[in-house]
Amino acid sequence: MTVFLVLVMLFAGAYLVAVLEGWTSTGRLRFAGPFWAAVALLGRESIVPRKPDRVLYETAPVLLLVSAVLAAAVLPLGPHLVIADLATGALAVNAALAYVMVALVMAGWGPDGAYAMVAGWRFLGQLVAYSMLIVMPITAVAMRAGSLVTTTIVESQAGIWNALTQPLGFVLFFLAAMAVCFLPPFDLPTAPGELAGGIEAEYAGPRLAVVRLARMVLVVSLSLAVTVFFLGGWLGPFLPGWAWTSLKTLVVAATMLTAGRYVPRLRGEHVMEWGWKLGIPLALVNIFWVGITLVLRSM
Amino acid sequence: MAQAFFTGFFGLAAIWFGVVVFRTSSMVRSALALLFSQAAIGAMFLAMQTEFLGVLQIMMMATEMAIMAIFMVMYMMDPGGLGGMDMTHQKRLSIAAGIFGGAAAVAVSLLGGWGTVGPSTMPEAQVAALGEELLGRSMLVFETAGITILTAMIAATAVAIERRR
Amino acid sequence: MATLLVALVAGAVLFGIGLYGALSQTNLVMIMMGVELMLGAAMVNLVAFWRFLHPAAYSGQMFVLIVMTVMALEMAVGFGVGTARFRSRGSVEMEEAEDLKG
Amino acid sequence: MITGARKGETSWLRRLAARASSKELAAFVVPGPEVARAFGLDLGAAGLRVVPSPRHASVLVVVGGLPEGLRDAASVIYAQMMRPRAVLVLGSDTASPLPGPDVSAPMDQESLSAAVARLRRAFAEGAWDPGVEDYAPEAAATETRYTCPMHPEVVQKEPGACPKCGMDLVPREVSSGESDGEEEEEEEAGELHHGSMDHGEHGSGGHEHMDHTDMGFMSMVEMTRDLQPSGDGLRMEWVEVPFGPLFPGLPGGLALTFTLDGDTVACVQSGSAVGRGGGCLQGVPVDDLLEHLGRIDPLSPVAYRVLALRAVENAAGVEPARATAYLGALEHERVVSHLGWLSSFGYLIGYEWLHRRAAGLQLALLRDDTGEGETLWGDLSDLLQRLRGATLLRRRLEGVGRLRTARAAEYPGPVSRAAGLPYDVRSEEKAYQDLGFEPAVQEGNDAYSRLMLHLDEMERSQEIVQAVGSVSAPDDLGVQDGISGEGDATVETPRGPARLRVRIEDGMVRSAELETPSGRHAQLVEDVALEHEVADALAGVASLDLSPWGMTR
């Protein structure tokens, strides 16, 4: 039952995110837009490139979708509204997100096209840049909660949100989350102007529909992660828990979608350079800061 | 029983992917096959109620094997494997060694008297206890491992980068 | 007990495959893949032993962590050497590494 | 029904899908969106979503007829589009070899919107059709050859074993038509087969291997010996990738081919599929010279009209007083053209806001060329302010596409002015001197300084337009017919000085020699692209503001 509920909410969220994206990109708010777009894609041919690595080509979109869903599976929408409340939830999120990169590398190699191939390997580099910035802020959050269980992490924010106690970690994680779902300005693997769509360039019809859906679910999962780890998850007055979670998640997603439109795409080398020379030291500072506050409180 | 079943299932998956690693001639495929083999091993951990290690294994291997894949593409002649060429040598010896080693290990594991099976602990308790272990008694071991890998990384990079003259 | 045996056998077979790979492949990276498989097998055994024989002794899990570190080490060093070699000789084929033979 | 209908009987489900695809028209524009904008067409407002990959497109929009240089490329692109698909031709009624257009319309916004409405109806009704025939242009026709993945030089008609290493030869299609350099040449062309880069070529990107002593195994040393090491000193396999002539990030018609070493550009071939040059002017009656020259470059027609006017006046020995009347038009076009470049450049570097804002301004300025009083000019200066302050933009572009100053000096125009060399044809013209004009100059000589220079030039041009007031472009020559003489004139087009030398004998152009700025700047492509990461190389090329129409084939 919970599983069903969560999945429904997840895909509903993905639909709303798609509406938001349509709004930011065309300026027109069309609630039917994603529906028609999906039907149109399903109604079109989807011809496979002539010499694909068929296995990888077909698996990649599904794997992307699966890993996005799995990432959301350990994140609570409400006090008891979580598919799997693992003892290592915060770590499981990372585990699931790591396979986003695997899916993109497969999607890049599979279709036998140079644009896609470059795009796929590009994302591997991007992962090297952002993965530490996903793990380390979560570490700090887990330190405060004294647990890796996501529900406990949310409860630990009853007093004050993590976003306020550790703003540094919040900003880093937010940016890293944008990099995970390769939204602008981190859209190196899909760069329309540079690689004609990159990993998406070779997918069409129903397969492209799956890729797009997976992308949207991924955005929702990451926004949900930001909400759970830093914005106090379901905590909030008056409204029921799931409502708060959805609200916060949608706001985060909207911010992610719009922010990138006002800056140019980052250069791969800059993502790497800033991720390691700037991001990781700051993340360490964040961890130290949290550690110090914890020690002081325990005294 | 269910536990044995799942462990066996993921074990078979790991073995099958492990075989695929050396049977395909596409380098990217074999790297990904290794990835899924290792992920299946992680799943075995989960089936054996060792949650933390399982999740950790599944997480770490993704990046490790993807990097493996890109090095394959860099250093192989035919990464797409369209040539279908044979990249093996001393086949007979290695098959013999493989079979012998495997068989020996199987024999040991079957014949060895393993004593009684201990009780399992709850995942939460496990994670906490492991944390205590890591930052308590085995702190030194853990830190040494950390320093070692750091050193190795620096050394490897130093070896790999171009000599500027 | 059954699970323990299943795990050990699976580990043993994996070890055999890894050994075969490490010995039969001509390319450095493929050899490393074989080694990784063997290490994976080792981890399976470690976890099985820890869980079913000494669930109280968490140094068992420590060992697994160490093995993971070793895997990462092996990759770092292997690729370092491989890159250096590819730079100088343009090949990481063992058949072409006579100068490395003892 | 539409020409690109999908095979099959219509069912209610398919009717729904057809309805959906009629609502979601995704357009791939030929020659390119920047041309559509230069003609004042707003595809987005008309309800067409421009997509980067032909596989995502359902409508092929041909703007202003199909130049014969783009026929092969366009037909391959159309073949790569997924059915149901359709062709929309603007400003012409045929686009052979493409299947006869489903909808064609004159080139103005109203008829474009009407055409899109017709297109939607066509999709809703005829997206499926029982009897569709395959579309197979000869440009995409291929024949099978058998080649050794290790030894690309081994190519034979029938299967067998490689004479060098004994491996089985793998088949691959090679395109028989002269279809080099189409966009996504390495991509699968849909139901028909088109030259594709297979994984084997990732492994061995076309290098000759000399003395291959046959050993019992593949020798990697042999493989890599003859490859020259790339920037990082590693000898990697190379892949040849076409960017253009129909690449979304570059002006349509610009045919780049990068040989990629990883994601670094190791070799560059550049050319234009649409360039015309001055040759086409021969034997043209003088009265039509204006029109002919004005049609040469759709991205800056006015400048070339003024050029023709001045050349003829110079030939006729008329005092070039009237030319000064066209300053307004020239500078207005400069602003518009620079905005168009900004928009395309914004698209290339993934700066969505810049892409849309600049395009919007460009179209608005094209609609009322008086600048509609202050509001548009106000918006323009806002845009400039904002771009000058954009830090991430600077970080993105600084050092990209850098040239040696000495190199830049040989190429007058924005490129050299962005290198700190204040040469500008305009500063020698009296009319400009009277307005107290002095050329804008930027230091840095990289993509960022070129961007900044474009901003400065837009500012000055705006001032001039406001000072002059009239922006009427020359429409007739106003010289008595039957003139003879030698004419030589130079005009600073938005992309740099263009020079026209004509010999006119009793009212007919005997010989014409046209030097265009892009023709010169094309030689810089290699300098800005070589040894750079793909994205930087593309940004560097785009920062040269090339017009393929002005380049020679």
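**A shared core, a chain contact and a helix pair**

In this predicted model, Leu60(D) and Val61(D) touch the most other members of the largest nonpolar core, which holds 361 residues. Such a core is a set of buried Ala, Val, Leu, Ile, Met, Phe, Trp, Tyr and Cys residues joined through C-beta atoms within 7 Å; buried means that 20 or more other C-beta atoms, placed from the backbone, lie within 10 Å of a residue's own. Helix H5 of chain A (residues 114-145) gives the largest share, 19 residues, helices being DSSP runs (H or I, at least four residues) numbered from the N terminus. Domain 1 (1-79) and domain 2 (124-165) of chain B both supply residues, so the core lies between them; these bounds come from an automatic or database domain assignment.

Chains B and C also meet, with 69 residues from chain B and 63 from chain C in the contact (C-beta atoms, placed from the backbone, within 7 Å). On the chain C side, H3(C) gives the most, 21 residues. That side splits into 44 nonpolar, 15 polar and 4 charged residues (Ala, Val, Leu, Ile, Met, Phe, Trp, Tyr, Cys and Pro count as nonpolar, Asp, Glu, Lys and Arg as charged, and the others, Gly among them, as polar).

In chain A, the contact of H1(A) with H11(A) has 8 nonpolar, 5 polar and 1 charged residues. Among the residues that meet there are Met9(A) and Leu16(A) in H1(A), and Leu250(A) and Ala253(A) in H11(A).

Residues are numbered from 1 along each chain as its sequence is written, and chains are lettered from A and ligands numbered from 1 in the order written. Local features need pLDDT of at least 70 and side-chain atom pairs count only at pLDDT 80 or more, while totals for chains, interfaces and linings use all residues.

Technical notes. Buried ≥ 20, exposed ≤ 12 C-beta atoms within 10 Å, placed from the backbone. Helix = DSSP H or I, 4+ residues; strand = E, 2+ residues; numbered from the N terminus. Contact = placed C-beta atoms within 7 Å.
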